[in-house]
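Okay, thanks for coming, everyone. I'd like to walk you through the contact surfaces in this one, so let me put it up on the screen.

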Amino acid sequence: MCLGIPGKIVEITNAENKLALVDVAGVKREVNIVCIVDDEHPPESCLGDWVLIHVGFAMTRINEEEAARTLELLHELGELQEEFQAMKNSEKENP
Amino acid sequence: MKYVDEFRDPEQARKWLEKISALAKQVQAGKDRPLHIMEVCGGHTHTIFRYGIKQMLPPEIELVHGPGCPVCVLPMGRVDDCLALAEHPEVILTTFGDAMRVPGSLKSLLQAKAEGADVRMVYSPTDALSIARKHPDKEVVFFALGFETTMPSTALTVLQAEEEGIKNFSLFCNHITIIPTIKAILDSPDLQLDGFLGPGHVSMIIGQHPYLFIADEHKKPLVIAGFEPLDILQSIWMILNQLKEQRHEIENQYGRVVQVEGNHNALEAIEKVFELREFFEWRGLGSIERSGVRVREGYALYDAERKFSIPNLKIADPKSCQCGEVLRGTLKPKDCKVFGTTCTPETPLGALMVSTEGACAAYYSYGRMDSFESKRETTT
Amino acid sequence: MEGWILLNPKEKQQPDGNVYRMNSRNAKSFVPPVTGKSQTISLAHGSGGKAMRDLIEDVIVKSFDNPALNMLDDQARFDLKELTSLGDRLAFTTDSYVVDPLFFPGGDIGTLAVNGTVNDLAVGGAEPLYLSCGFILEEGLTVETLRLITGSMKKEADKSHVSIVTGDTKVVHRGAADKLFINTSGIGVIPRGVNIAATRAEPGDMVLINGFIGDHGAAILEARGDLSLKSSIESDCQPLSKMVQAMLDVCPDIHCLRDATRGGIATVLNEFALCSNVCIRLDEKEIPLRDEVRGLCEILGLDPLYLANEGKLLAIVPRESVERVLEAMRLLPEGQYSAVIGEVVEVPEKRVLLKTSFGGERIVDMMVGDQLPRIC
């Protein structure tokens, strides 16, 4: 359900109608940005934002800090696991 | 691709699988069946099969593929109604690619197109509106379907049509909402689910609060999950962790996209244009209370159901179909009586074989690995 | 009417630029000239009369220009001795080309019609020699469009050293065809000792491809315009015969060879697995895929393994020759990005499996119907 893909806003094509051009790996399409525009974020300020695109609409602004946090968590736990594995291995070697 | 590739790293996957495996053994110990985790959303089902995640998971975990494929759960009667609309000579029927193949009782939209109906595939409802602008002498009907993720886009398109005074555009609205369906699944007496992967993109619209009853009343953990394979592994690990600590909470793994409150502008557009129907029929699950929306009276001009006479057909699911049981997680796709025999992606009988996101279709085209595993072991 | 033949070479263009032909009742009937940008194809151009002759002479023969065609007999004739000196078997193939739009980034229906048939011959190990060309034109098509297309056909034919030696033109009423359809058949000669067949894949063999997958399918999807997507993706439409000859030079014992067109590489590999009763295991991370094609697939929910190609072949070669073949392929522009993407194993028979870039494994099945954008 609901295929969504991250893309970057590379041009505000029509600020009045809230239309912008997004780029996904070099493929461009005009999308509607109504859902990510408010008093704090006028259309012009959306240039350069990463957004999640679904059926021609930018549905949400991707939160860069949250993404970094998730990645950090992903890696940290992975690293912990590695250390844990190393510990287990060394236990095996030196019983 | 930013925000995509870093969540598909196979090195990290290996480490997480080890972690999941150890935790799953701990949590499942003493149980007479594997842990059942339902991914509600068809997009998750797709990721799981696309990356072969199912086979990577330890035997203690079984993923149950939920009802979150809007194409699959669309009842045949609605498809037939849509076909009736498409066959009006003044109508250009527009819809998403995946809706083109859904079979009605006699044919699909693709077949209707072959027979001469003007059916066009669009990427966005705004493209359907562009067609309406270009053909003022025609009636452009958009066959709208999807969960809360897709609802705002059609609502906003209607609002745009109103603003421009476009009168030859309307929706045949088949939008459905996910919460009542999860509720229906949780209420079923033969339920055997231990936790849920929550639909990330629906949650981006509706936020986290609507799921609270799952934790509070039904005491099940739900983790709102992203759609990349590492998102799914991490979310599974988070569910296991809750199970281990005997917690049942709504957690959010997909923080980069999902905010607690959802998306205000999107919700506002939905509220403006749509209202809940008392009942909506789901293929495989039957009628579910307050699970679908229709266009509000104030936007009647944009409602194909009011604009055209629609046969409003009710057609029963084929008797041999066991989609309901698969959707509730009490039956695996391959254990259905008709799976892979009379029900295949070429000639789908049941809802879940219809779209590539449907549990059975995904299982059919990407899965079926189980039978090979044993064979391979004997030869290598 | 078969063959492009001239009716009466004595008929000449009149000073006003138009051609008038006396009909049986001695009335002047107008026959549109075939020169000039605004001229369109009419039913007269398919009637077998003067208009048709002019069209053939001014557009087709002029474009394709070669001795066999210039004879304009009902058939092309070949010297058997010349053919047998090249090999011991003839290869013969036919294909029809319909594409919307006619012109797309990286090619047009003409480049497809020549390269498609050349490649069908090439992947049998044959040296392509002669093509036929049948046009079905929709009334109203501009002559200039046809001229552009015959021009690119000639250009592509020259690249592979093939001649278009015979053909046919029909014009149908407006609406009875979509602008222009082309059928080409081709003849080539297979050298002695070459034995390529879909049944010959053996466990231990390796799977090779000559570059990025899905470019053509992606370019066409975009060029149709109904999805409003823009990128610099171009069709990969190109002839493969030179590269196949180079591959056979270093490894005459190539087991299987097929060009992956509609249905993508998934379809061809399934055919190999099925015909040879083996399993093909692919490694997703080794499959060349352009960023933009990947982006398009992510947006539309498509699987690039099923996207069409028009200049990609899949080769199954014995393991000991794989390095040599790969090197030979990479020396040519059409094989610059060649890669080993998988291997042939025994079980599960008749299956294609993919080791995903994430480390999992899945089945790659035959495609069911057309691949449609997956949106919700």
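Let's start with one salt bridge: Asp127(B) pairs with Arg29(A), and the closest N and O atoms are 2.8 Å apart. Keep in mind that this is a predicted model, so what I'm quoting is computed from predicted coordinates.

That pair belongs to the interface of chain A and chain B, where the count comes to two salt bridges. Zooming out, 39 residues of chain A are in contact with 48 residues of chain B. The size of an interface is often given as the accessible area lost when the parts come together. For chain A and chain B, the buried area is about 3800 Å², with carbon and sulfur atoms giving 64% of it. There are also 12 residue pairs in polar contact across that interface, counting pairs with both residues at pLDDT 80 or more.

So which elements of chain A each supply at least two residues to the side touching chain B? Strand 1 (5–14), strand 4 (50–54), strand 5 (57–61) and helix 1 (64–93) do. The largest share is from helix 1 of chain A, with 14 residues. If you sort that side of chain A by class, you get 23 nonpolar, 10 polar and six charged residues.

Now, back to Arg29(A), which turns up again in another place. Arg29(A) stands opposite Leu229(C), a residue in strand 10 of chain C. The strands there are strand 3 of chain A, residues 27–32, and strand 10 of chain C; they run antiparallel and are joined by two bridges.

That takes us to chain C against chain A. Here, 16 residues of chain C are in contact with 12 residues of chain A. The two chains bury about 1100 Å² between them, and 66% of that is on carbon and sulfur atoms. How many salt bridges are there between chain C and chain A? The count is zero. Two residue pairs are in polar contact, again with both at pLDDT 80 or more.

On the chain C side, the elements giving two or more residues are strand 10 (229–230) and helix 9 (291–300). Helix 9 of chain C has the largest share, seven residues. By class, this side of chain C has seven nonpolar, four polar and five charged residues.

Last stop: inside chain C. The domain assignment splits out domain 1 (42–190) and domain 2 (206–363), and their C-alpha centres lie 27 Å apart. In contact terms, 22 residues of domain 1 of chain C meet 23 residues of domain 2 of chain C. Together these domains bury about 1700 Å², 61% of it on carbon and sulfur atoms. In domain 1 of chain C, Pro105(C), Asn119(C) and Val123(C) lose the most area to domain 2 of chain C, together 31% of what that side buries.

For polar chemistry between the two domains of chain C, the rule finds zero salt bridges, while five residue pairs are in polar contact, both at pLDDT 80 or more. Helix 4 (109–122), strand 6 (127–138) and helix 5 (143–159) of chain C each supply at least two residues to the domain 1 side. Helix 4 of chain C gives the largest share, eight residues. That domain 1 side divides into 10 nonpolar, seven polar and five charged residues.

That's my tour, and I'm happy to take questions.

Definitions and conventions. Residues numbered from 1 in each chain as written. Chains lettered and ligands numbered in written order. Predicted model: local features only at pLDDT ≥ 70, side-chain atom pairs only at ≥ 80, totals over all residues. Heavy atoms only, no water. Domains from an automatic or database assignment. Contact = heavy atoms within 4.5 Å. Buried area = accessible area lost by both parts, 1.4 Å probe. Salt bridge = Lys/Arg side-chain N within 4 Å of Asp/Glu carboxyl O. Polar contact = N/O pair within 3.5 Å; in protein donor to acceptor, adjacent residues only side chain to side chain. Helix = DSSP H or I, 4+ residues; strand = E, 2+ residues; numbered from the N terminus. Nonpolar A, V, L, I, M, F, W, Y, C, P; charged D, E, K, R; others polar. Pairing = 2+ DSSP bridges.
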